[in-house]
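Here's a quick briefing to read alongside the sequence and the model. Grab a viewer and follow along, topic by topic.

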Amino acid sequence: MKETPKYIQVKEEILRWIMTGQYAPHKKLPSENEIVKQFDMSRQTIRQALGELEQEGWLYKEQGKGTFVAEHSASSNRNNGAGMTIGLITTYISDYIFPTIVRGVEASVRERGARLLLASTDNEKHKEKQSLESMLREQLTGLIIEPTKSAEGNPNYSYFLALDSLRIPYVMLNERYSEVDAPCLRIDDELGGYRAAKHLIDLGHRRVAGFFKTDDFQGIRRMKGFVRAFKEQGLSISSDYILRYSSEEKETVPAHALHQLLKQNAAERPTAIVCYNDELAVKMLDIVRQEELQVPEHLSIVGFDDANLAIATEVKLTTIAHPKTQMGRDAVQMLMQIVEQGVGVTIEDKVYSPELVIRESTSKPYYV
């Protein structure tokens, strides 16, 4: 493999200083002599790296004073649609409901004559870091970010500080890291979990199992709403009926748990389940078939998100609707409001009310 040129190595490291907020806008860099000593490279190599960074707009020089970090601000091109660049970082781009969200963002960006940059984290923290680094290299007008495993903390917090330092406006999608102060667009997940459970309770179900992915706040909130619905009715929930799992376990743990629950006799097994999302609900339909049972006759199922696959099976899913396209469009509108009014303006979160969509997968319990 060809070795990266030395001046590029220096350039990359200085960019990392800027991106992680080690050197804020208008802060003076170490002198050329100090950088030469730090990297143990020739003066020519250092000058080439600094020269390219200056040419690309990351640095500027003041005669007799030294080299400083330039300010990357959206204000200079905020009124010029053709000059705007919007970044979008999501956990996925081509899977599940995410293409619909992306289309909403893309349509709104295109209407403004701006350019859209896409990045996916594949729901992995280290890929989120790479995506943030990549975006910070661009002359961004603003950034839309869906956090990766939001309930597991934010090891990439320095990059969010860099966005603040560089005065690049950003909004969060679906959830927000607890330590990040940025406006967020999200559905009321707790209310969604509540309405899913309440629907089943109203139908007469008492033995209801909930399956929730809890490495993101969406799953935690949905589980919280699920539990609240039973508490409000004075109903208890067996700990065996609350199944929590991580992203890495989603292909195995829920399926195994449902197999075990359905092997119980009819008087003990659950008569209904609430799933973290429609993707899981569709997989649970297969488990029910494998156990030679039927939906909703033996088991009612409620999903979440009203994804396209909710109506792609022979049993159409009862689910909670997610705004998807509208959320994507609203995210761009919210971001542009910050760009136009200036970083630091107070913008309220946009929280969408979840709607229950009743289809074929739920009914009164046949076996109680």
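**How H7 meets H8**

On the H7 side, Asp189, Glu190, Leu191, Gly193, Tyr194, Ala197, Lys198 and Ile201 make the contact, and on the H8 side they meet Gln218, Arg221, Arg222, Lys224, Gly225, Phe226, Arg228, Ala229, Phe230 and Glu232. Sorted by class, the residues where H7 touches H8 come out as 7 nonpolar, 3 polar and 8 charged. Bear in mind that this is a predicted model.

- Helix H7 covers residues 189-203, and its axis sits 6 Å from that of H8, at an angle of about 40°.
- That angle is over 35 but under 65 degrees, so H7 and H8 count as oblique to each other.
- As for handedness, H7 and H8 cross in a right-handed way.

**How H9 meets H10**

- Helix H9 (residues 253-262) and helix H10 (residues 278-290) have axes that come within 10 Å and cross at roughly 40°.
- That crossing angle makes H9 oblique to H10.
- H9 goes past H10 in a right-handed crossing.
- H9 brings Pro254, Ala255, Leu258, His259 and Leu262 to the contact, while H10 brings Leu280, Met284, Ile287, Val288 and Gln290.
- Split by class, the contact of H9 with H10 holds 8 nonpolar and 2 polar residues, with no charged ones.

**Aromatic pairs**

- How many aromatic pairs does the count come to? The tally is 8 aromatic pairs.
- Phe212 and Phe226 make an edge-to-face pair, with 5.4 Å from centre to centre and 65° between the planes.
- This pair ties together distant parts of the chain, 14 residues apart: Phe212 belongs to strand E8 (residues 208-213) and Phe226 to helix H8 (residues 217-232).
- Are Phe212 and Phe226 buried or exposed? Both of them are buried.
- Phe226 also turns up among the H8 residues that meet H7.
- Elsewhere, ring pairs join Trp17, Tyr23 and Phe39 into a cluster.

**Backbone oddities**

- As background, most residues other than glycine have a negative phi, and most peptide bonds are trans.
- Which peptide bond is cis, with omega near 5°? Look at the one from Val295 to Pro296.
- You'll find Pro296 in the loop between H10 and strand E11 (300-302).
- Tyr96 isn't a glycine, yet its phi is positive, near 55°.
- Tyr96 is in the loop between strand E3 (85-90) and H4.
- With a relative accessible area of 22%, which isn't under 20%, Tyr96 is partly exposed.
- Asn174 is another non-glycine residue with a positive phi, this time near 75°.
- The home of Asn174 is the loop between strand E6 (170-173) and strand E7 (184-187).
- Asn174 has 7% relative accessibility, so Asn174 counts as buried.

**Thr100 in H4**

- Thr100 is part of helix H4 (residues 98-111).
- The relative accessible area of Thr100 is 14%, which means it's buried.
- What does Thr100 touch, leaving out residues up to four places away in sequence? The answer is Lys324 and Thr325.

Notes: Residues numbered from 1 in each chain as written. Predicted model: local features only at pLDDT ≥ 70, side-chain atom pairs only at ≥ 80, totals over all residues. Heavy atoms only, no water. Axes fitted to C-alpha atoms, helices over the stretch in contact; angles between N-to-C directions. Helix = DSSP H or I, 4+ residues; strand = E, 2+ residues; numbered from the N terminus. Parallel < 35°, antiparallel > 145°, perpendicular 65-115°, else oblique. Left-handed = near helix turned anticlockwise from the far one by under 90°. Contact = heavy atoms within 4.5 Å. Nonpolar A, V, L, I, M, F, W, Y, C, P; charged D, E, K, R; others polar. Phe/Tyr/Trp six-rings, centres within 6.5 Å; stacked < 30°, edge-to-face > 60°. Buried < 20%, exposed > 50% of the residue type's maximum accessible area, 1.4 Å probe, protein only.
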